[in-house]
Amino acid sequence: MAPTNRHIEFESYKANRQAIPEDLAAAIPYVYKLVEGFNIPLITLDGYEADDIIGTLAKQAEAKGYTVYCMTPDKDFGQLVTESIFVYKPARLGNGAETLGIKEILEKWEVSDVKQVIDILGLWGDSVDNIPGIPGIGEKTAKDLIKRFGSMEAILANTNQLKGKQRENLETFAEQGLISKKLATIQLDVPIELDEERLILGQPDQEALEPLFAELEFRTLGKRVFGEEFNVLTTPPTSGTQMDLFGNAASTEATNTTTEYVPPVAGKNVHNTPHTYFLADTPVLKQELASLLSKQRSFCFDTETTGTDANVADLVGLSFSIEPGTAWYVPAPPDRAESMQVLAYFKPIFEDETIEKVGQNTKYDILLLARYGINVKGPLFDTMLAHYLIDPDTRHGMDVLAENYLGYTPIPITDLIGPRGKKQGNMQDVDMEAIKEYAAEDADITLQLKATFEPLLEKAEAVELAQKVEFPLVHVLADMEQSGVNIDVPVLQQLSETLATDIVELEKTIFQKAGVRFNIASPKQLGEILFEKLQLDPKAKKTKTGQYKTGEDVLLTLASKSDIVKDILEFRQLQKLKSTYVDALPMMINPLTGRVHTSYNQAVAATGRLSSTNPNLQNIPIRTARGREVRKAFIPRDENHVILSADYSQIELRLVAHMSDDKGMLDAFEKGLDIHRATAAKVYGVPLEEVTAAQRRNAKAVNFGIIYGQSAFGLSQNLGIPRTEAAQIIEQYFAQYPGIKRYMNETINFAKEHGYVETLLKRRRYLRDINSANQTVRGFAERNAINAPIQGSAADMIKVAMIAIHEAIKKQGLNGKMTMQVHDELVFDVPKEEVALFRALAEKHMKSALNMSVPIVVELGEGRNWLEAH
DNA sequence: TCTGTCACG
DNA sequence: ACGTACGTGACAGAA
């Protein structure tokens with residue numbers, strides 16, 4: 001690009017200009033392509049900036065009698081406004097769009113002539129446009145000075161009328177002020193001719209835009225521009241006849257389809273792999289298929305069902321594949337008993353321990369089949385989990401995997417049951433031919449994904465992690481979900497009533513103190529009450545959408561100003577408890593089992609942790625007295641059972657000690673010391689027994705901070721201490737634990753060199769931003785580099801333990817169940833006579849899951865509910 | 001559908 | 001002047 005006039009006039013303009021952020025730089029070519037694709041006129045001229053081109057064209061258009069709107073958020077465009085030229089400022093965040101004419105500009109800038117906008121900007125500067133302005137002069141001073149003197153030049157000629165630092169600055173930086181004014185001036189003499197014909201908006205060019213949209217994953221925009229059919233597969237032509245398993249014999253029915261190969265076209269939704277899908281809907285065919293499958297060492301399967309909740313959905317059909325491009329679909333009748341008859345053909349192969357089962361999100365299929373009396377056994381290969389290990393930060397849905405790795409766009413489910421929302425169709429009612437294509441394709445693609453992922457898993461050194469941990473864990477989680485947990489509904493109902501009364505009470509008090517009734521749960525309304533009506537903080541911070549910040553940390557700093565604050569915090573707490581737990585949990589009880597069955601997601605947390613949904617059982621309250629009450633509702637199966645909880649003690653810090661090999665920390669754990677107290681003793685240089693409560697609290701915060709890669713700022717915020725003090729504590733910490741400092745440096749260097757970090761079991765997390773030039777972005781990646789191996793190794797450890805415990809329970813034929821996992825805790829529902837066994841079993845397998853150079857401590861507890869078990 | 005808030009480890 | 005400790009999921013309100 002040629003240097004612009006402005007660059008020539010003010011060379012430091014370019015020198016001072018910060019490098020364009022890399023993510024923005026990467027986006028610009030796409031912006032050009034999109035603008036072109038939409039047939040939006042694009043005018044560029046080497047050596048001139050967009051502002052100047054727009055200004056020049058605006059003036060020419062005005063001369064021709066047009067009314068002109070410059071659509072821009074830039075404030076410097078105010079200088080262009082005339083009777084017929086307006087600035088149209090687009091809506092942004094909380095603010096609506098504005099049309100600015102002469103009147104508005106004069107008001108906004110407090111000037112008598114729009115041209116004075118330039119003078120103000122010259123004084124004030126504009127960091128967005130890299131206009132330096134005059135140091136020490138902000139918006140207010142600039143406006144005052146212009147009101148008094150009228151122009152930059154007049155001010156500079158009369159600095160004798162000013163005094164102090166202001167005069168000094170104006171005199172010293174007079175040159176810079178004049179240059180700034182020049183930079184702020186929009187040039188109106190660009191050598192360009194207005195040609196109205198060239199400015200007419202064209203129609204979007206579908207051929208140009210579709211591949212772009214596909215690449216950028218602009219699904220919603222695609223639908224808006226091209227209609228709902230965008231990204232939706234057109235039905236392929238059908239042909240072919242058959243009768244046996246491979247369609248060899250003749251038949252009058254055209255039920256099997258073979259399509260010709262069509263090269264993949266991203267976003268075009270072309271069915272693009274040669275394939276033959278068969279329908280196995282007669283006893284003979286089903287028998288033959290089952291027999292064929294029974295001879296395989298591995299087969300791929302998928303279930304079609306009426307819903308996404310495996311504890312509720314009904315089976316609609318099954319699909320199988322054993323080689324790419326070939327698959328069978330077996331329909332299952334709506335009637336459950338009849339479905340079981342169909343499944344009877346396949347039960348032996350599913351329960352054959354020697355045959356590997358391949359699938360996408362196999363836990364779903366396993367849970368579903370379990371409800372039909374099939375106990376899926378044997379090794380698994382789950383493509384979703386395989387990809388989770390290959391690249392945990394990305395998405396693992398079958399559709400995206402097929403598109404990214406096979407260049408193939410599968411039939412979207414919406415083709416069969418319509419778009420999501422109110423009147424979604426039922427899988428049960430879909431045309432057999434369509435469902436066969438869809439279902440068989442799923443099994444076919446999944447098998448192909450397996451073939452693709454196997455070498456990738458090897459390359460990522462994750463084969464063992466997959467085969468020994470993630471795949472076997474599927475069976476464990478399926479069993480846990482199926483077991484579910486028992487909920488004491490009356491306890492929650494009682495709790496709900498108490499909460500309701502207290503909430504009403506608090507509400508009354510708050511309205512009284514505020515002097516108005518309002519919705520306390522609305523951050524918008526609450527912010528207005530606190531900061532406008534009550535004026536609790538003149539410097540209140542706002543969120544990016546323009547609302548006042550009302551988070552807990554903000555409110556706590558206001559507690560001394562008005563006691564309404566603590567009422568609000570309490571109101572929030574109770575409201576949260578009531579809506580998220582107390583009232584929600586009973587509604588999650590499965591009517592068939594009378595228990596709550598969470599769903600563990602094995603492929604969402606980038607570090608390797610599990611997550612829990614519907615309901616989330618990993619965030620049941622414990623930190624506050626009222627919240628803890630909820631745990632009393634988590635009760636054993638019956639009076640003959642108890643809840644047993646097994647908790648890793650300080651697992652992440654122990655892992656830090658192990659991985660860093662820091663002698664001091666290893667020693668503290670070796671001696672069985674309270675690690676936070678030991679850390680405080682070291683950091684403050686006092687004997688263990690003289691550590692104060694405050695010192696221990698600070699040390700504990702640092703210990704946690706280390707795990708997250710925090711800064712002095714973060715620590716000072718967290719502890720409410722000055723930054724310098726926080727910095728000192730951290731410095732002392734690293735002086736006392738030099739191994740940890742070294743480990744952290746090594747980890748970040750490893751990440752910078754390899755682009756990923758890994759856990760003890762070689763679970764990788766790629767950190768694409770680790771070498772970013774952007775400090776904020778890189779800082780984020782660096783903290784991830786520190787945290788991911790720690791959090792992830794803890795996840796590795798408990799997963800290994802879970803598999804071992806599950807195996808032992810099965811082997812010993814015990815009746816107790818493992819029911820919940822909360823990151824460092826396992827919860828069991830155990831018959832009283834098995835408690836001793838389970839205690840020993842859990843402790844043993846949790847301690848020995850991984851080979852560690854530091855003692856691992858497991859805390860066990862039992863009780864009539866989850867709270868008591870702690 | 002997004003945002004703010006808050007529950008957990 | 002900014003941003004600032006990791007990983008999650010659910011709910012209410014706003015858009």
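Select Lys576 together with DNA strand B: in this predicted model, an N or O atom in the side chain of Lys576 lies 2.5 Å from a base oxygen of DNA strand B, which falls within the limit for a polar contact, a pair of N or O atoms within 3.5 Å (within protein, one must be able to donate a hydrogen and the other to accept it, and residues adjacent in sequence count only if both atoms are side-chain atoms). Residues are numbered from 1 along each chain as its sequence is written, while chains are lettered from A and ligands numbered from 1 in the order in which they are written. Local features need pLDDT of at least 70 and side-chain atom pairs count only at pLDDT 80 or more, whereas totals for chains, interfaces and linings use all residues, and side-chain values use heavy atoms, with hydrogens and water left out.

**Around DNA strand B**

Stay with DNA strand B and add Arg572, where an N or O atom of the side chain is 2.8 Å from a phosphate oxygen of the strand. At Ile622, by contrast, a polar backbone atom is what lies 2.7 Å from a phosphate oxygen of DNA strand B. Widening the selection to every residue near the strand (one of its heavy atoms within 4 Å) gives 22 residues, of which Thr550, Glu552, Lys576, Ile622 and Arg623 are the closest. Of the atoms of DNA strand B that come within 4 Å of the protein, 79% are sugar and phosphate atoms.

Next select residues 564-582, helix H25, which gives four residues and thereby the most to the surface near DNA strand B; helices (H or I, at least four residues) and strands (E, at least two) are DSSP runs, numbered from the N terminus. Colouring that surface by class shows five nonpolar, nine polar and eight charged residues, where Ala, Val, Leu, Ile, Met, Phe, Trp, Tyr, Cys and Pro count as nonpolar, Asp, Glu, Lys and Arg as charged, and the others, Gly among them, as polar.

**Around DNA strand C**

Move to DNA strand C, which has 33 residues around it, with Ser522, Ser611, Tyr708, Asn718 and Asn784 coming nearest. Here 66% of the strand's atoms within 4 Å of the protein belong to sugar or phosphate, and the rest to bases. Select Ser522 and find an N or O atom of its side chain 2.6 Å from a phosphate oxygen of DNA strand C, then select Ala606, where a polar backbone atom is 3.0 Å from a phosphate oxygen of that strand.

The elements that give two or more residues to this surface are H25, strand E15 (611-613), helix H31 (693-708), helix H32 (712-719) and helix H35 (775-811). The largest share, five residues, comes from H35. By class, the surface near DNA strand C divides into nine nonpolar, 19 polar and five charged residues.

**Two sheets**

Now select E20, E21, E17 and E22, four strands that form an open antiparallel sheet in the order E20-E21-E17-E22; two strands pair if DSSP finds at least two bridges between them. At its edges are strand E20 (817-821) and strand E22 (858-863), each of which pairs on one side only. E20 and strand E21 (residues 825-831) are joined in the antiparallel sense over four bridges, and Met820 stands opposite Val827 in E21. Add helix H36 (residues 835-847), which packs on this sheet and touches strand E17 (641-648), E20, E21 and E22, contact meaning heavy atoms within 4.5 Å.

For a second sheet, select E1, E2 and E3, which form an open sheet of mixed pairing in the order E1-E2-E3. Strand E1 (68-71) and strand E3 (98-100) stand at the edges with a single partner strand each, so one side of each is left without a neighbour in the sheet. E1 and strand E2 (residues 85-89) pair in the parallel sense over four bridges, with Met71 opposite Tyr88 in E2.

**A buried threonine**

Finish at Thr383, which has its place in helix H17 (residues 383-390). Is Thr383 buried or exposed? Thr383 is buried, with a relative accessible area of 0%, where buried means under 20% relative accessible area, exposed over 50% and partly exposed in between (1.4 Å probe, protein chains only). Leaving aside residues up to four places away in sequence, Thr383 touches Gly359, Gln360, Leu401, Thr446, Leu449, Lys450 and Phe453. Its side chain makes a polar contact of 2.6 Å with the side chain of Gln360, and the C-alpha atoms of Thr383 and Phe453, 70 residues apart along the chain, are separated by 7.5 Å.

Methods:
Axes fitted to C-alpha atoms, helices over the stretch in contact; angles between N-to-C directions.
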